[in-house]
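Reader: I'd like a close look at one enclosed space in this model, with some context on what surrounds it. Keep it casual, but give me the cut-offs.

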Amino acid sequence: MVKRILITLLLVILPLMIFGQTSGKISGVVTNKQTGEPISGVNVVVQGPTTPRGAATGPNGEFTILYVPVGTYTVKATYMGMADVVINNVNVSLDHTTQLNIEMRPQDIEGESITITAQRELVRQDETNATTVKSAEEISNMPIRGVENLVATTAGVVKQDNSGSMNIRGGRSGGTAMYVDGVLVNDPYNNASRVYLPNNAIQEMSVQTGGFSAEYGEALSGIIAVTTQVGSEDYHASFEALTDNMLSAEDKYLGTYSYGFEEYVGTISGPIIPGTRHTFFGSLTRRYEADAWPSWGWAENEYKPDTYTYETPLISGFETDTATGQLIADAPIYGDTLTKQYDLNARIPGNYTSDWSVTGKLKLQLMDNMHLRGSIVRTDRKISDTDVINLFNQKHDDTHDQYSQSINATLVHNITKNTMYEAKFNYFDTQREYYDPVYGDDFEKYGDPEYNLYTASDELTAEERDLVIEQYKGREYLSVAGPITPDFNNYGNQDYTYFKNRTTYWGIDFDISHQWKDHHFKAGFDYKYHTLRKFQFIIGYPWDYAKEYETEVEKYMNADISYYGYDVNAEETDEGDFLEDVKRDETGLPTGGYKNQKPYHPIIMSTYFQDKFEYKDIVLNLGLRYDRIDPNAWQFKEIAAEYDDQGNYVEGTGMFSGDGQFDQGDVEESEVYDYLSPRLGVSFPVTENTNFHTNYGIFYQRPDLADLYLSPFYLNTFVHNGGYFTAIDNPNLRPEKNIQYEIGLNQRLASNIALKLTAFYKETEDLVQLLPVTTDIKQIAFYDNGDYGVVKGLDIVLRMRRTNNLAINFDYELQFADGTGSASASNFDIAWQQGTYGNFPKFQKPLAFEQRHTGNINVDYRYGDDGPGIFKNTGVNLLARFNSGQRYTRMKIYNSNPYRGLHERDADSQKPVSEVMGETMPWNYRFDLKLDKSFTFGRSRLVVYATVLNLFNTKNVQNVWRTTGEPDQSGFHGTTAGKEYLDGLTEEEYNLVMLREMDWTNYGIPRMIRLGFRVEL
C-alpha cells in the first residue's frame, strides 16, 4: 500500500520538476529618521542576480521579503516624498533572517537617493544553534582550498593533515552530512563525500556543528551546506591556475621542494539567451598532485637516500638429491640477478591523485513567480596511495578509480508573496574500484604466479615450475629473497585484493513554506530509493589451484569472493538470489544458482514540520521530524545460540538453526524502523547587541550500508570453510541515535567585534561496534549496535569585522569526548582475543580522535583602490592553527622484528602498559599564508597570489609508535634483540631501518609554496 502511494505521488510530482535552491529572507522596519515613527506603504525591493522581489511595509513599518536565494544584493526602499534609500552589500545566508532596518528622510531634491553599504551582521538574532557561515569573499582570501579544509577552520571540527575525514564535536567521521545546493552528496555506502568543489564555485558555505533543524536528517554530528555560484544577467568568465612546479623535487629552495601540485579552474556564467532572465553557471577543474599527501617525515628524513639499488638472484632451477633423484625444494639454483634502481626525492613515490571536477547550474525563469533550476556536480578521480611497506613495490600499489556525481532538478513556485513550494528530483551516482594496476580486472592473474613467472631461464621443467609456484606463489619475480631490509616488500610482490562498489539513488523532495504574521511554517517530504552493489575478493589461495578442485564453486569460495549487485565475474546484474536459487550437493556445497546476486534497495523516507516564530524578544524554532528506514532486504531470525544452565547447546537455536548450513530458513524480512525526532531551538534577543540561545534535539542516522548488507555467498563460504577471524556485516543493525543539548551567548563587544560562547552536551547510543557472538557454528565477530558515548565542551568564537583594513576570526573548542569505541572496528583486537582474555569491555574512555583543545585564528589585512602606492589592491591572509594531540594507548614493546610485530596475533601482542587511551600525542601548530594583489583593466581583473602552507616548516606529529609515544622510534632497537639486529646491518641497511622508523604517516605536511593567478572577465 505504501509503495503504491509513493508511486502515485511520484507520478504526480515528477512532471512538474525539471531543474536546487537554497534561500533565506530579509526582514526589518522602515522609520522616519527625523521623527522615529514607522512608515507604512514603503516599497522595499531586492535587486541583483535574480528576479526582483520585494514587499510593502505594514502599519508598523515592518516588512519581510521571503525566499531570497543565498547571495549578496542591493535593496532599494522608495516612498512618495521621501529620498530613495539604496543599500548595497546586503548578505542573505541559508535559512537565516537578515535584519535590515531602514531610516528614510524627506527628500530635498526630486529624485534624491541615499546610498548605504551594509555590513554583515555580527549578532544574528534568529540563530538558535551553533552555525558558522563563510562567504565567497572570505573563502577567496584564505590560503587553503577544498570544502573539507575550509570546514576544518570551524570551532568543533577536528581534521588532520592529509586526511579527508572530519570529526565534529566528538562524533564519528560518518556522522556529518554534506549538502550541495540542498542535495545530500554523501555516499550511503560509507557516508563519505568524494565531490571536489573549487573555491571559485562556492557562493557560501554554512557549517552547523549541532542542533540543526528538523529539515535536516541523515546526520548525527553536523551539517555542511554549500551553495554554489549562480549565473547573472551579464556574461562573466574566469580562469585560475595554481602550481608549485616552479620549484624542484630534488633541490631545496626557499626551504622547500616541489610536490607536483597543479590546479586549473575555469568558470563561465551569464544569460542563456542575451537579454533574458534565463541564466547559467559552469566550472571545470583539473587537479593533479604528484604527491597528494606530502609528509614532513619523508621530505625532511635525513636517512632517505637519493638513490637505492635493489638486487636479488632469480631462480633458474633446483638441485637434485643424488640418492633419490628428486628435486630439492629448498635448494634452488640461482641464475641472473634482477636489478632495480630507485631515485628518491622530496615526493613520496607513487602517491598521486588525478581528477577532473565539473559543476553546472541552470535557471529558467518561466514566470515572475516561477522558475526551474538545476545543477550538476561531478568529480572523477584516480588515486595511487603508497603504503610504507610497498615503498619499493609501487608497481603493485593499490590504484583507486572513483567518480561521484549529483544531479538535481527543482521547480520553485512563489504562489503568493507569503507562500512558496519547491519540488525537486535528485539523482546520485558514485562508484569506486580498487585494483592492482598490473592486473586491473583480469581476475585470473591475481595471486597466480603462472601468469607472471619470471626466472633466469625460461627452460624450467614442469616439475621445477610446480616447485616454484608452490613455494613462491604471490611473487611476480621469483627469488628466495624475503622482504627488503627491514620490512619493505620486495619488487614484484603481488596484491591479492580487488574491490569495487557502486551506489546510486534517486529521490523526490517536496517542501512548502508559508509566512503567517510572525510564523514561518515549513513542511516537507523526502523519498530516496537506493541501489547498492559490491564485489570483492581476498585471495586466500592462488586461482590456479582451482584447477585441482573437483567443482568450480571451490575456486570462488577459496578466493573469498563477496558480491551483490554483481555476478561472480564482477559484471552488474539485477537478477539472482542465493537464498532462493542455490542448489547444493549432499555435503552442502553449492552446485548452481549462486553466480548472480541482485543488488539491495534500501528505502529512506522522511517528513518534517517546523515553525520559526520570530517575535520581538524571542525566536522559536520548533520542529518535528519523522524518519522511516527500510533496509528492504533480509535479516537473521536470530544470531546468538542459546545454552542451558549446564552450558549445553539448545538444539535449533543460533543463526544457522543448528544444521550448519546458511539457507532461507535462517532469515526473515528485515525490520522497518520508524522514528520521531523533536527539535527545539530558542533565541532570546535581549538587545540588538546581545542574544542567548538554547537548543535541544534528537537525531537518528542509518548505519553505513557497508556494515549493514552482507553477501549470502560469502557468509555461506565462511560457514562451509570454517573461515578465519574477520568482521561480518550484520543485516540486523538498527539506526544510531544522538541526543544533543546546547546553550549559547552571542555578545557584540564593540561596533565591529562580537563574541560567541556555546556550551554543548551530547549522548550517543546504538553506535555500531564489533562484538563477538557465539553462534551454533562458531564464534563470529559481527557488527552490532552497542557503542555509546558522552561528549561535552565549550566553543569560543570571536569575530572582528573589517576595520581599518583588518578582519580577524578566532575559533576555539574545548572538548571532552568519551565513549566505548571511536569507530565500528575499534575493538577488532579485543573481539579477536575474546576467547582468551575474558569478557568484552564496556566502559567509557577518551575517543581516539579527541583533541582537548582545537583552535584557529584567521587574520586578513587588505587595501582596496585607496591603498598606498604598490599596496593598492593588495592583501595578506594568515591562518594560524593549533591543537592538542589525539589519544592513544601505550603498548608493550613486543616485536621480534621492528615492524612485523605490529601485525602478529600472539599472547604477547597488543598488551597495554597504560590506561586505555590514557596517552596524548604532542601539540600541533601550523601557519598558512596567502599574499595577493589585483590589477584592474576596464571590466577585467587580474589577481596574482602566492600561498605558503606550514609557513615555518613545523614538524607536526599526528601519529606515534604506540610502544614509545614517539613518531620516529618504535623502541625495538633499545631491546637486546634490537641491538643485535642493528649490529648486523650494513650502513645502507641501517639507513633503511631508520627511514622506516621515521614513518611518514606519523607526520603532517612540510612547508609548501604555490604560485597562482586568476583572470576575471
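Which residues line the second largest cavity?

Author: Quick ground rules before the list. The model is predicted, so local features need pLDDT of at least 70 and side-chain atom pairs count only at pLDDT 80 or more, while totals for chains, interfaces and linings use all residues. Numbering starts from 1 along each chain as its sequence is written, and side-chain values use heavy atoms, with hydrogens and water left out.

Now the lining: Ala130, Thr131, Thr132, Thr154, Ala155, Val207, Thr209, Lys756, Thr758, Asp795 and Val797. A cavity here is a set of points on a 1 Å grid over the protein atoms alone where a 1.4 Å probe fits but cannot get out, and a lining residue has an atom within 4 Å of a point. Rolling a probe the size of a water molecule over the atoms shows where empty space is left. The space in this cavity comes to about 80 Å³, taking volume as what is filled by probe spheres set on the points, with points joined across faces, edges and corners.

By chemistry, the lining splits into 4 nonpolar, 5 polar and 2 charged residues. In that scheme Ala, Val, Leu, Ile, Met, Phe, Trp, Tyr, Cys and Pro are nonpolar, Asp, Glu, Lys and Arg are charged, and the others, Gly among them, are polar. Strand 10, strand 39 (753–774) and strand 40 (779–803) each give at least two residues to the lining. Strands are DSSP runs of E with at least two residues, helices are runs of H or I with at least four, and both are numbered from the N terminus.

Follow strand 10 outward and you reach an open sheet of 5 strands, ordered 10-15-16-13-14, with mixed pairing. Strand 10 (131–135) is an edge strand there, as is strand 14 (183–184), each pairing on one side only; two strands pair if DSSP finds at least two bridges between them. Further in, strand 13 (residues 176–180) and strand 16 (residues 222–228) run parallel, joined by 5 bridges, and Thr176 sits opposite Gly222 of strand 16.

There's another open sheet of 5 strands, also with mixed pairing, in the order 3-2-5-6-9. Strand 3 (53–56) and strand 9 (113–117) are at its edges with a single partner strand each, so one side of each has no neighbour in the sheet. Inside that sheet, strand 5 (residues 71–78) and strand 6 (residues 84–92) are antiparallel over 6 bridges, with Ala77 facing Val85 of strand 6.

Zooming out, the protein has 13 helices and 49 strands. Of its 1017 residues, 57% are buried, where buried means under 20% relative accessible area, exposed means over 50%, and partly exposed is in between, using a 1.4 Å probe and protein chains only. The protein exposes about 41,200 Å², with carbon and sulfur atoms supplying 52% of it; the areas come from the Shrake-Rupley method with a 1.4 Å probe.

For some covered spots, try helix 9 (residues 712–721), where 8 of 10 residues are buried, including Phe713, Leu715 and Phe718. Leu995, in helix 13 (residues 987–997), is buried at 5% relative accessibility. Val667 belongs to strand 34 (residues 667–669) and is buried too, at 7%; its C-alpha atom is 8.2 Å from that of Glu638, 29 residues apart along the chain.

Note on methods
1 Å grid on protein atoms, 1.4 Å probe; cavity = no way out; pocket = protein on both sides within 12 Å on 5 of 7 lines; lining within 4 Å.
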